[in-house]
Amino acid sequence: MVIRYLSRPSSVRTAALALGALVLLSSPAAATEAPAEPAPPRPVPVYSSALLDRPGTQVRPGPGAPAVPGTVSALAWVVADAHTGEVLGARNAHRKLPPASTLKSLFALATLPRLDADTRHVVSQHELDEVGEGSSMVGVAEGRAYRVADLWRGVFLSSGNDAVHVLAGLNGGLEKTVQEMRAKARELGARDTHVVSPDGYDAAGQVSSAYDLAVFGRAGLADPEFARYCSTRVAQFPAGGWSYPIQNTNRLLTGADGVAAYPGLLGVKNGYTSHAGSTLISAAQRGGRTLVVTVMNPQAGGGRAVYEEARSLLDWGFAAAGKVRPVGSLVPPAESRPAPSPAHAGGQAALAVQPDDSEWPAVLLVGAGIAVLLAGCVMAVRRRRATVARRRDARRVTE
(Lines give C-alpha, C1' and ligand atoms only; values in the text may rest on other atoms or scores of the structure.)
Protein backbone atom coordinates (compact mmCIF):
# COMPACT_ATOMS: atom_id res chain seq x y z
CA MET A 1 0.00 0.00 0.00
CA VAL A 2 1.34 3.40 -0.98
CA ILE A 3 0.58 6.30 1.31
CA ARG A 4 -0.10 9.52 -0.58
CA TYR A 5 0.33 12.95 0.92
CA LEU A 6 -0.10 16.44 -0.48
CA SER A 7 3.20 17.97 -1.49
CA ARG A 8 4.38 21.09 0.34
CA PRO A 9 1.56 23.60 -0.22
CA SER A 10 2.15 26.79 -2.14
CA SER A 11 0.91 30.10 -0.80
CA VAL A 12 -2.04 29.94 -3.20
CA ARG A 13 -3.03 26.50 -1.99
CA THR A 14 -2.61 27.49 1.63
CA ALA A 15 -4.87 30.51 1.18
CA ALA A 16 -7.42 28.46 -0.72
CA LEU A 17 -7.53 25.75 1.92
CA ALA A 18 -7.85 28.30 4.70
CA LEU A 19 -10.64 30.16 2.89
CA GLY A 20 -12.55 26.95 2.20
CA ALA A 21 -12.26 25.80 5.80
CA LEU A 22 -13.38 29.21 7.10
CA VAL A 23 -16.41 29.23 4.83
CA LEU A 24 -17.41 25.73 5.88
CA LEU A 25 -17.09 26.52 9.57
CA SER A 26 -18.84 29.90 9.53
CA SER A 27 -21.74 29.34 7.14
CA PRO A 28 -25.36 29.26 8.45
CA ALA A 29 -25.96 25.86 6.89
CA ALA A 30 -22.98 24.37 8.71
CA ALA A 31 -24.29 25.73 12.00
CA THR A 32 -27.73 24.16 11.50
CA GLU A 33 -26.57 20.69 10.40
CA ALA A 34 -27.77 17.73 12.46
CA PRO A 35 -25.14 16.22 14.74
CA ALA A 36 -23.08 13.47 13.17
CA GLU A 37 -24.02 9.90 13.99
CA PRO A 38 -21.64 8.08 16.33
CA ALA A 39 -18.79 6.27 14.61
CA PRO A 40 -19.22 2.50 14.27
CA PRO A 41 -17.16 0.36 16.63
CA ARG A 42 -13.63 -0.44 15.53
CA PRO A 43 -13.27 -3.92 14.03
CA VAL A 44 -11.78 -6.60 16.22
CA PRO A 45 -8.19 -7.37 15.11
CA VAL A 46 -7.52 -10.68 13.39
CA TYR A 47 -5.32 -11.69 16.29
CA SER A 48 -4.82 -10.82 19.90
CA SER A 49 -1.45 -10.24 21.48
CA ALA A 50 -2.83 -12.12 24.47
CA LEU A 51 -2.38 -15.36 22.52
CA LEU A 52 1.40 -14.90 22.57
CA ASP A 53 1.29 -14.22 26.30
CA ARG A 54 -0.12 -17.66 26.96
CA PRO A 55 2.10 -20.65 27.72
CA GLY A 56 2.22 -23.58 25.34
CA THR A 57 1.82 -23.79 21.58
CA GLN A 58 -0.33 -21.13 19.90
CA VAL A 59 -1.56 -21.79 16.35
CA ARG A 60 -4.85 -20.89 14.63
CA PRO A 61 -5.15 -23.43 11.79
CA GLY A 62 -7.51 -22.94 8.89
CA PRO A 63 -8.67 -25.44 6.28
CA GLY A 64 -5.81 -27.53 4.94
CA ALA A 65 -3.24 -26.24 7.43
CA PRO A 66 -0.45 -28.69 8.28
CA ALA A 67 0.05 -29.80 11.86
CA VAL A 68 2.87 -28.27 13.88
CA PRO A 69 5.85 -30.68 13.92
CA GLY A 70 5.56 -32.88 16.97
CA THR A 71 9.33 -33.43 17.15
CA VAL A 72 10.15 -29.87 18.26
CA SER A 73 11.43 -30.04 21.82
CA ALA A 74 12.62 -26.43 22.26
CA LEU A 75 11.48 -24.59 25.35
CA ALA A 76 10.35 -21.71 23.13
CA TRP A 77 10.03 -20.98 19.42
CA VAL A 78 8.44 -18.51 17.00
CA VAL A 79 7.65 -18.68 13.27
CA ALA A 80 6.90 -15.31 11.66
CA ASP A 81 6.58 -13.67 8.26
CA ALA A 82 9.53 -11.29 7.91
CA HIS A 83 7.66 -8.94 5.57
CA THR A 84 4.39 -8.46 7.44
CA GLY A 85 5.63 -9.32 10.92
CA GLU A 86 2.70 -11.70 11.44
CA VAL A 87 3.42 -14.57 13.80
CA LEU A 88 2.17 -17.81 12.22
CA GLY A 89 2.80 -19.96 15.28
CA ALA A 90 4.69 -19.96 18.54
CA ARG A 91 5.41 -21.77 21.76
CA ASN A 92 6.10 -19.85 24.97
CA ALA A 93 6.88 -16.80 22.83
CA HIS A 94 7.55 -14.46 25.76
CA ARG A 95 9.26 -16.91 28.09
CA LYS A 96 12.43 -15.24 29.33
CA LEU A 97 15.48 -17.40 28.68
CA PRO A 98 19.24 -16.82 28.35
CA PRO A 99 19.93 -16.02 24.68
CA ALA A 100 23.65 -16.90 24.34
CA SER A 101 25.24 -15.43 21.19
CA THR A 102 21.93 -14.74 19.44
CA LEU A 103 22.08 -11.54 21.51
CA LYS A 104 24.85 -10.42 19.17
CA SER A 105 22.07 -9.67 16.67
CA LEU A 106 20.87 -6.88 18.98
CA PHE A 107 24.47 -5.74 19.46
CA ALA A 108 24.78 -5.38 15.69
CA LEU A 109 21.46 -3.54 15.36
CA ALA A 110 22.53 -1.01 17.98
CA THR A 111 26.16 -0.59 16.92
CA LEU A 112 26.51 -1.19 13.16
CA PRO A 113 25.16 2.25 12.16
CA ARG A 114 27.59 4.01 14.55
CA LEU A 115 30.86 2.58 13.22
CA ASP A 116 32.46 3.17 9.81
CA ALA A 117 33.28 -0.20 8.24
CA ASP A 118 36.53 1.14 6.72
CA THR A 119 37.96 2.49 9.97
CA ARG A 120 41.24 0.81 10.99
CA HIS A 121 41.93 0.25 14.66
CA VAL A 122 44.91 -1.09 16.60
CA VAL A 123 43.70 -3.36 19.40
CA SER A 124 44.87 -2.77 22.97
CA GLN A 125 45.06 -5.40 25.68
CA HIS A 126 42.60 -3.40 27.78
CA GLU A 127 39.88 -4.05 25.18
CA LEU A 128 40.37 -7.81 25.58
CA ASP A 129 40.66 -7.96 29.37
CA GLU A 130 36.93 -8.45 30.05
CA VAL A 131 36.27 -11.22 27.52
CA GLY A 132 34.69 -14.09 29.47
CA GLU A 133 36.59 -17.26 30.13
CA GLY A 134 35.75 -20.00 27.63
CA SER A 135 34.27 -17.50 25.15
CA SER A 136 34.16 -18.20 21.45
CA MET A 137 36.97 -16.28 19.72
CA VAL A 138 37.90 -15.25 16.20
CA GLY A 139 41.54 -14.56 17.13
CA VAL A 140 41.81 -10.80 17.65
CA ALA A 141 45.32 -10.00 18.88
CA GLU A 142 46.72 -7.11 20.88
CA GLY A 143 48.75 -4.60 18.86
CA ARG A 144 47.32 -5.72 15.52
CA ALA A 145 45.34 -3.40 13.21
CA TYR A 146 41.90 -4.44 11.96
CA ARG A 147 39.26 -2.83 9.82
CA VAL A 148 35.86 -2.54 11.48
CA ALA A 149 34.45 -4.71 8.67
CA ASP A 150 36.92 -7.48 9.58
CA LEU A 151 35.76 -7.35 13.19
CA TRP A 152 32.12 -7.59 12.16
CA ARG A 153 32.87 -10.70 10.12
CA GLY A 154 34.51 -12.10 13.26
CA VAL A 155 31.27 -11.40 15.15
CA PHE A 156 28.86 -12.89 12.62
CA LEU A 157 30.88 -15.85 11.35
CA SER A 158 32.95 -16.96 14.35
CA SER A 159 30.70 -15.45 17.05
CA GLY A 160 33.90 -13.90 18.40
CA ASN A 161 33.44 -12.31 21.80
CA ASP A 162 36.89 -10.77 21.37
CA ALA A 163 35.65 -8.91 18.27
CA VAL A 164 32.52 -7.78 20.14
CA HIS A 165 34.57 -6.26 22.96
CA VAL A 166 36.83 -4.35 20.56
CA LEU A 167 33.83 -2.98 18.64
CA ALA A 168 32.11 -2.03 21.90
CA GLY A 169 35.28 -0.15 22.89
CA LEU A 170 35.18 1.74 19.59
CA ASN A 171 31.55 2.55 20.32
CA GLY A 172 32.40 4.24 23.61
CA GLY A 173 32.76 1.29 25.97
CA LEU A 174 30.86 -1.71 27.27
CA GLU A 175 28.47 0.18 29.54
CA LYS A 176 27.49 2.69 26.86
CA THR A 177 26.95 -0.14 24.38
CA VAL A 178 24.80 -2.07 26.86
CA GLN A 179 22.62 1.02 27.41
CA GLU A 180 22.24 1.50 23.66
CA MET A 181 21.28 -2.15 23.22
CA ARG A 182 18.61 -1.81 25.90
CA ALA A 183 17.27 1.31 24.21
CA LYS A 184 17.24 -0.41 20.81
CA ALA A 185 15.31 -3.36 22.23
CA ARG A 186 12.67 -0.99 23.63
CA GLU A 187 12.49 0.88 20.32
CA LEU A 188 11.76 -2.38 18.50
CA GLY A 189 9.11 -3.44 21.02
CA ALA A 190 11.28 -6.23 22.46
CA ARG A 191 10.18 -6.04 26.10
CA ASP A 192 11.49 -9.38 27.33
CA THR A 193 15.16 -8.62 26.76
CA HIS A 194 17.54 -7.45 29.46
CA VAL A 195 21.15 -6.89 28.38
CA VAL A 196 24.06 -7.29 30.78
CA SER A 197 26.90 -8.26 28.41
CA PRO A 198 26.84 -7.27 24.71
CA ASP A 199 28.32 -10.59 23.53
CA GLY A 200 25.59 -12.80 25.04
CA TYR A 201 27.99 -14.42 27.51
CA ASP A 202 26.13 -15.91 30.46
CA ALA A 203 25.48 -13.21 33.05
CA ALA A 204 23.04 -12.97 35.93
CA GLY A 205 19.79 -11.41 34.76
CA GLN A 206 20.61 -11.51 31.05
CA VAL A 207 17.53 -12.82 29.23
CA SER A 208 15.59 -12.57 26.02
CA SER A 209 12.72 -14.52 24.43
CA ALA A 210 11.87 -16.32 21.22
CA TYR A 211 9.60 -13.38 20.36
CA ASP A 212 12.32 -10.76 20.89
CA LEU A 213 14.90 -12.75 18.95
CA ALA A 214 12.47 -12.92 16.03
CA VAL A 215 12.06 -9.14 16.27
CA PHE A 216 15.86 -8.73 16.11
CA GLY A 217 16.16 -11.10 13.16
CA ARG A 218 13.43 -9.31 11.21
CA ALA A 219 15.00 -5.91 11.88
CA GLY A 220 18.42 -7.21 10.86
CA LEU A 221 17.18 -8.49 7.50
CA ALA A 222 15.90 -4.98 6.75
CA ASP A 223 19.46 -3.60 7.12
CA PRO A 224 21.54 -4.40 4.00
CA GLU A 225 24.82 -4.34 5.94
CA PHE A 226 23.52 -6.66 8.65
CA ALA A 227 21.97 -8.97 6.04
CA ARG A 228 25.26 -9.18 4.12
CA TYR A 229 27.30 -10.10 7.19
CA CYS A 230 24.84 -12.65 8.56
CA SER A 231 24.60 -14.51 5.24
CA THR A 232 28.37 -14.74 4.64
CA ARG A 233 29.54 -18.35 4.70
CA VAL A 234 33.33 -18.00 4.52
CA ALA A 235 35.73 -15.04 4.81
CA GLN A 236 39.41 -14.29 5.39
CA PHE A 237 40.41 -12.89 8.77
CA PRO A 238 43.63 -10.82 8.93
CA ALA A 239 46.59 -11.93 11.04
CA GLY A 240 49.28 -9.35 10.44
CA GLY A 241 50.99 -10.08 7.12
CA TRP A 242 48.70 -12.99 6.30
CA SER A 243 45.12 -14.14 6.85
CA TYR A 244 43.23 -17.32 7.59
CA PRO A 245 39.77 -18.55 6.60
CA ILE A 246 36.84 -18.39 9.00
CA GLN A 247 33.55 -20.20 8.42
CA ASN A 248 30.12 -19.27 9.65
CA THR A 249 29.18 -21.41 12.65
CA ASN A 250 25.51 -21.50 11.54
CA ARG A 251 25.32 -25.05 10.20
CA LEU A 252 22.00 -24.50 8.44
CA LEU A 253 23.82 -21.91 6.33
CA THR A 254 27.03 -23.82 5.62
CA GLY A 255 25.88 -27.43 5.70
CA ALA A 256 28.72 -28.42 8.05
CA ASP A 257 29.15 -31.12 10.69
CA GLY A 258 26.44 -33.43 9.42
CA VAL A 259 23.73 -30.76 9.10
CA ALA A 260 22.38 -30.28 5.58
CA ALA A 261 22.25 -26.67 4.39
CA TYR A 262 18.71 -25.31 4.20
CA PRO A 263 17.69 -24.09 0.71
CA GLY A 264 17.19 -20.33 0.61
CA LEU A 265 18.68 -19.70 4.04
CA LEU A 266 19.63 -16.07 4.70
CA GLY A 267 21.46 -16.54 8.00
CA VAL A 268 21.01 -14.85 10.95
CA LYS A 269 22.74 -15.97 14.18
CA ASN A 270 23.30 -19.04 16.32
CA GLY A 271 24.48 -19.36 19.91
CA TYR A 272 25.39 -21.77 22.65
CA THR A 273 26.39 -21.65 26.32
CA SER A 274 26.13 -24.31 28.99
CA HIS A 275 23.46 -22.22 30.73
CA ALA A 276 21.41 -21.22 27.67
CA GLY A 277 21.77 -24.41 25.68
CA SER A 278 21.54 -24.00 21.90
CA THR A 279 19.75 -20.96 20.50
CA LEU A 280 19.16 -19.92 16.90
CA ILE A 281 17.66 -17.15 14.76
CA SER A 282 17.14 -18.38 11.20
CA ALA A 283 15.60 -16.78 8.15
CA ALA A 284 14.90 -18.31 4.77
CA GLN A 285 13.26 -17.26 1.52
CA ARG A 286 11.06 -19.36 -0.73
CA GLY A 287 8.65 -18.38 -3.47
CA GLY A 288 8.77 -14.67 -2.64
CA ARG A 289 8.08 -15.26 1.07
CA THR A 290 10.65 -14.77 3.84
CA LEU A 291 10.22 -16.42 7.22
CA VAL A 292 12.02 -15.82 10.50
CA VAL A 293 12.25 -18.74 12.93
CA THR A 294 13.70 -18.67 16.43
CA VAL A 295 14.47 -21.74 18.53
CA MET A 296 15.59 -21.65 22.17
CA ASN A 297 17.08 -24.55 24.08
CA PRO A 298 15.92 -27.85 22.53
CA GLN A 299 15.56 -30.55 25.16
CA ALA A 300 16.41 -33.52 22.94
CA GLY A 301 18.63 -34.44 20.02
CA GLY A 302 22.07 -33.15 20.99
CA GLY A 303 24.02 -30.36 19.27
CA ARG A 304 22.24 -30.72 15.93
CA ALA A 305 18.76 -30.45 17.40
CA VAL A 306 18.52 -26.66 17.22
CA TYR A 307 19.20 -26.78 13.46
CA GLU A 308 16.90 -29.69 12.71
CA GLU A 309 14.08 -28.20 14.76
CA ALA A 310 14.53 -24.88 12.96
CA ARG A 311 14.43 -26.78 9.66
CA SER A 312 11.15 -28.48 10.53
CA LEU A 313 9.62 -25.16 11.66
CA LEU A 314 10.72 -23.43 8.47
CA ASP A 315 9.17 -26.24 6.41
CA TRP A 316 5.98 -25.97 8.46
CA GLY A 317 5.89 -22.19 8.10
CA PHE A 318 6.19 -22.24 4.32
CA ALA A 319 3.51 -24.95 4.09
CA ALA A 320 1.21 -23.20 6.58
CA ALA A 321 1.45 -19.67 5.16
CA GLY A 322 -1.98 -18.61 3.96
CA LYS A 323 -3.61 -21.54 5.78
CA VAL A 324 -3.25 -20.32 9.36
CA ARG A 325 -4.47 -17.14 10.95
CA PRO A 326 -1.82 -15.07 12.72
CA VAL A 327 -1.56 -15.36 16.47
CA GLY A 328 0.29 -12.08 16.94
CA SER A 329 2.67 -9.62 15.36
CA LEU A 330 6.33 -8.66 15.64
CA VAL A 331 5.34 -5.05 14.93
CA PRO A 332 4.81 -3.10 18.18
CA PRO A 333 1.55 -1.18 18.60
CA ALA A 334 1.74 2.31 17.12
CA GLU A 335 1.25 3.97 20.50
CA SER A 336 4.36 2.24 21.91
CA ARG A 337 6.68 3.06 19.01
CA PRO A 338 8.99 6.06 19.44
CA ALA A 339 9.05 8.73 16.75
CA PRO A 340 11.63 7.86 14.07
CA SER A 341 14.80 9.90 13.80
CA PRO A 342 14.83 12.49 10.98
CA ALA A 343 17.23 10.36 8.92
CA HIS A 344 15.11 7.23 9.37
CA ALA A 345 11.91 9.12 8.68
CA GLY A 346 13.41 10.49 5.48
CA GLY A 347 14.38 7.03 4.31
CA GLN A 348 10.93 5.68 5.02
CA ALA A 349 9.35 8.63 3.24
CA ALA A 350 11.37 7.90 0.13
CA LEU A 351 9.86 4.42 0.05
CA ALA A 352 6.31 5.03 1.17
CA VAL A 353 5.34 8.58 0.26
CA GLN A 354 4.53 9.86 -3.20
CA PRO A 355 3.99 13.62 -3.66
CA ASP A 356 0.75 14.84 -5.16
CA ASP A 357 1.12 18.23 -6.84
CA SER A 358 -2.54 18.44 -7.83
CA GLU A 359 -4.44 21.59 -6.85
CA TRP A 360 -7.76 19.72 -6.98
CA PRO A 361 -8.09 19.16 -3.21
CA ALA A 362 -7.91 22.92 -2.61
CA VAL A 363 -10.25 23.71 -5.52
CA LEU A 364 -12.80 21.17 -4.36
CA LEU A 365 -12.70 22.41 -0.79
CA VAL A 366 -13.20 26.02 -1.85
CA GLY A 367 -15.97 25.00 -4.24
CA ALA A 368 -17.72 23.07 -1.50
CA GLY A 369 -17.40 26.02 0.85
CA ILE A 370 -18.85 28.43 -1.70
CA ALA A 371 -21.73 26.06 -2.42
CA VAL A 372 -22.53 25.80 1.28
CA LEU A 373 -22.31 29.57 1.67
CA LEU A 374 -24.69 30.15 -1.27
CA ALA A 375 -27.12 27.59 0.12
CA GLY A 376 -26.98 29.32 3.48
CA CYS A 377 -27.65 32.71 1.86
CA VAL A 378 -30.63 31.35 -0.08
CA MET A 379 -32.06 29.87 3.12
CA ALA A 380 -31.53 33.14 4.98
CA VAL A 381 -33.28 35.16 2.21
CA ARG A 382 -36.24 32.74 2.15
CA ARG A 383 -36.57 32.91 5.94
CA ARG A 384 -36.42 36.72 5.81
CA ARG A 385 -39.12 36.87 3.13
CA ALA A 386 -41.34 34.49 5.10
CA THR A 387 -40.93 36.60 8.24
CA VAL A 388 -41.80 39.82 6.38
CA ALA A 389 -44.87 38.20 4.83
CA ARG A 390 -46.12 36.95 8.22
CA ARG A 391 -45.74 40.40 9.76
CA ARG A 392 -47.56 42.04 6.84
CA ASP A 393 -50.44 39.58 7.10
CA ALA A 394 -50.62 40.15 10.84
CA ARG A 395 -50.95 43.94 10.37
CA ARG A 396 -53.75 43.45 7.83
CA VAL A 397 -55.69 41.34 10.28
CA THR A 398 -55.45 43.92 13.07
CA GLU A 399 -56.35 46.93 10.91
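How many of the eight residues of helix 4 are buried? In this predicted model, eight of the eight are buried, so helix 4 is largely enclosed by the rest of the structure. The residues concerned are Lys104, Ser105, Leu106, Phe107, Ala108, Leu109, Ala110 and Thr111.

One partner of this enclosed helix is helix 8, which spans residues 174–187. The two axes come within 9 Å and cross at roughly 95°. Because angles of 65 to 115 degrees count as roughly perpendicular, helix 4 is described as roughly perpendicular to helix 8. On the side of helix 4, the contact is made by Leu106, Phe107, Leu109, Ala110 and Thr111. Helix 8 contributes Thr177, Glu180, Met181, Lys184 and Ala185.

Helix 7, residues 161–170, is mostly covered as well, with eight of its 10 residues buried. These are Asn161, Asp162, Ala163, Val164, His165, Val166, Leu167 and Ala168. The buried residues of helix 7 pack against helix 4 and helix 8, and also against helix 5 (125–128), helix 6 and strand 6 (120–122). After helix 7 comes Gly172, which has a positive phi near 115°.

Aromatic contacts were examined next. A pair of aromatic rings is described by the distance of the centres and the angle of the planes. Under the rule that centres lie within 6.5 Å, the model contains seven aromatic pairs. One of them joins Phe156 and Phe226 in an edge-to-face arrangement, with 5.1 Å from centre to centre and 85° between the planes. This pair links distant parts of the chain, since Phe156 belongs to helix 6 (residues 148–158) and Phe226 to helix 10 (residues 224–230), 70 residues apart. Phe156 and Phe226 are both buried.

Phe156 also pairs with Tyr229, and here the rings are stacked, at 5.7 Å centre to centre and 15° between the planes. Phe156 lies in helix 6 and Tyr229 in helix 10, so this second pair ties together parts that are 73 residues apart in sequence. Phe156 has a relative accessible area of 3% and is therefore buried. Tyr229, at 3% relative accessibility, likewise counts as buried. Phe156, Phe226 and Tyr229 belong to one aromatic cluster together with Phe107 and Trp152. In addition, Arg228 lies over the face of Tyr229, at 5.6 Å from the ring centre.

Trp152 appears again in the description of the nonpolar interior. The largest nonpolar core comprises 62 residues, of which Val140, Trp152 and Phe216 touch the most other members. Helix 6 gives the most to this core, namely seven residues. For Val140, when neighbours within four places in sequence are set aside, the contacts are Val123, Leu128, Tyr146, Leu151, Asp162, Ala163, Val166 and Phe237. Among these contacts of Val140 are Asp162, Ala163 and Val166, which are listed with the buried residues of helix 7. A second core, separate from the largest one, has 25 residues and includes Val259, Leu265, Val293 and Tyr307.

Several loop positions were also characterised. Ala100 has a positive phi of about 55°, although it is not a glycine. Ala100 is placed in the loop between strand 5 (86–91) and helix 4 (104–111). With a relative accessibility of 1%, Ala100 counts as buried. Asn297, again not a glycine, has a positive phi of about 60°. The loop that holds Asn297 runs between strand 12 (289–296) and helix 12 (305–320). Asn297 has a relative accessibility of 18% and counts as buried, because the limit for buried residues is under 20%.

Gly255 is found in the loop between helix 11 (251–254) and strand 10 (265–273). A relative accessible area of 35% makes Gly255 partly exposed. Gly255 touches Ala260 and Ala261, residues up to four places away in sequence not being counted. The C-alpha atoms of Gly255 and Arg233 are separated by 9.8 Å, the two residues being 22 residues apart along the chain.

How values were computed
Residues numbered from 1 in each chain as written. Predicted model: local features only at pLDDT ≥ 70, side-chain atom pairs only at ≥ 80, totals over all residues. Heavy atoms only, no water. Phe/Tyr/Trp six-rings, centres within 6.5 Å; stacked < 30°, edge-to-face > 60°. Helix = DSSP H or I, 4+ residues; strand = E, 2+ residues; numbered from the N terminus. Buried < 20%, exposed > 50% of the residue type's maximum accessible area, 1.4 Å probe, protein only. Lys NZ or Arg CZ within 6 Å of the ring centre and 35° of its normal. Core = buried A, V, L, I, M, F, W, Y, C linked by side-chain atoms within 4.5 Å. Contact = heavy atoms within 4.5 Å. Axes fitted to C-alpha atoms, helices over the stretch in contact; angles between N-to-C directions. Parallel < 35°, antiparallel > 145°, perpendicular 65-115°, else oblique.
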